[in-house]
Every structure is written in C-alpha cells, then in structure tokens.
Amino acid sequence: MLIADYSYEEDMQVKLQEGIWQGITLSADIFRMVKKNPDLANVQIVKNI
C-alpha cells in the first residue's frame, strides 16, 4: 500500500474485522470442545486452546 493511500480509519476497520473473525473462530472451537465433553473445567478448556 502506498503511503498516500493509507487511511487510519480504514486500517482500524480492517483490524476490527480480523479480531471479530478470530473471536468467532475461537468461540466455535470452545463450543465444539465443550460439546464433546461437558464436564471440562475452564482451566482445562484454556489449556486445550
């Protein structure tokens, strides 16, 4: 990207979207883990992520 094309607002929007998708993916992984074993403790979930 050229410096002249840089937009702070656009950059922040892209980073926000990436963070949202990472959060959704993490939530889905946790959901699958707990669905397989509902007795997992929070500490066990964190260790498996």
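**Overall layout and helix α1**

Two helices and zero strands make up the secondary structure of the chain, as seen in a predicted model. Taken along the principal axes, the C-alpha atoms fit in a box of roughly 55 × 15 × 15 Å. Little of the chain is tucked away in the usual sense of the term: of its 49 residues, buried ones account for 6%. The exposed surface comes to about 4600 Å², and 61% of that is supplied by carbon and sulfur atoms. As for charge, there are 5 positive and 7 negative ones, and the mean positions of the two sets sit 19 Å apart.

Much of the local detail picked out here belongs to helix α1, which runs over residues 8-36 and includes Ile20. Ile20 is also part of a nonpolar surface patch, where it is joined by Leu16, Trp21 and Ile24. The patch covers about 410 Å². Ile20 itself has a relative accessibility of 38%, so it counts as partly exposed.

Salt bridges come next, and the structure holds two of them. In one, Lys15 pairs with Asp11, with 3.4 Å between the closest N and O atoms. These two residues are four apart in helix α1, which means that about one helical turn separates them. Lys15 has a relative accessible area of 46% and is therefore partly exposed.

The other pairing brings together the side chains of Arg32 and Asp29, at 2.9 Å from N to O. Here the spacing is three residues in helix α1, so Arg32 and Asp29 are again about one helical turn apart. Both partners fall between the cut-offs of 20% and 50% that bound the partly exposed class. Arg32 belongs there because its relative accessibility is 49%, and Asp29 because its value is 34%.

Gln13 is another residue of helix α1. Its relative accessible area is 41%, so Gln13 too is partly exposed. Gln13 also gives a feel for spacing along the chain: Ile49 lies 36 residues away from it in sequence, and the C-alpha atoms of the two are separated by 26 Å.

Put together, the picture is of a chain with two helices and zero strands in which 6% of residues are buried. Helix α1 carries the Lys15–Asp11 pair and the Arg32–Asp29 pair, while Ile20, also in helix α1, contributes to the nonpolar patch.

Key. Residues are numbered from 1 along each chain as its sequence is written. This is a predicted model: local features need pLDDT of at least 70, side-chain atom pairs count only at pLDDT 80 or more; totals for chains, interfaces and linings use all residues. Side-chain values use heavy atoms; hydrogens and water are left out. Patches are made of residues with over 30% relative accessible area and no salt bridge: like charges are joined within 9 Å, nonpolar side chains (Val, Leu, Ile, Met, Phe, Trp, Tyr) within 5 Å. Accessible areas come from the Shrake-Rupley method with a 1.4 Å probe; for residues, only the protein chains shown count as cover. A salt bridge is a side-chain nitrogen of Lys or Arg within 4 Å of a carboxyl oxygen of Asp or Glu. Buried means under 20% relative accessible area, exposed over 50%, partly exposed in between (1.4 Å probe, protein chains only). Lys and Arg count as positive and Asp and Glu as negative; His and the chain ends are not counted. The place of a charge is taken as NZ of Lys, CZ of Arg, CG of Asp or CD of Glu.
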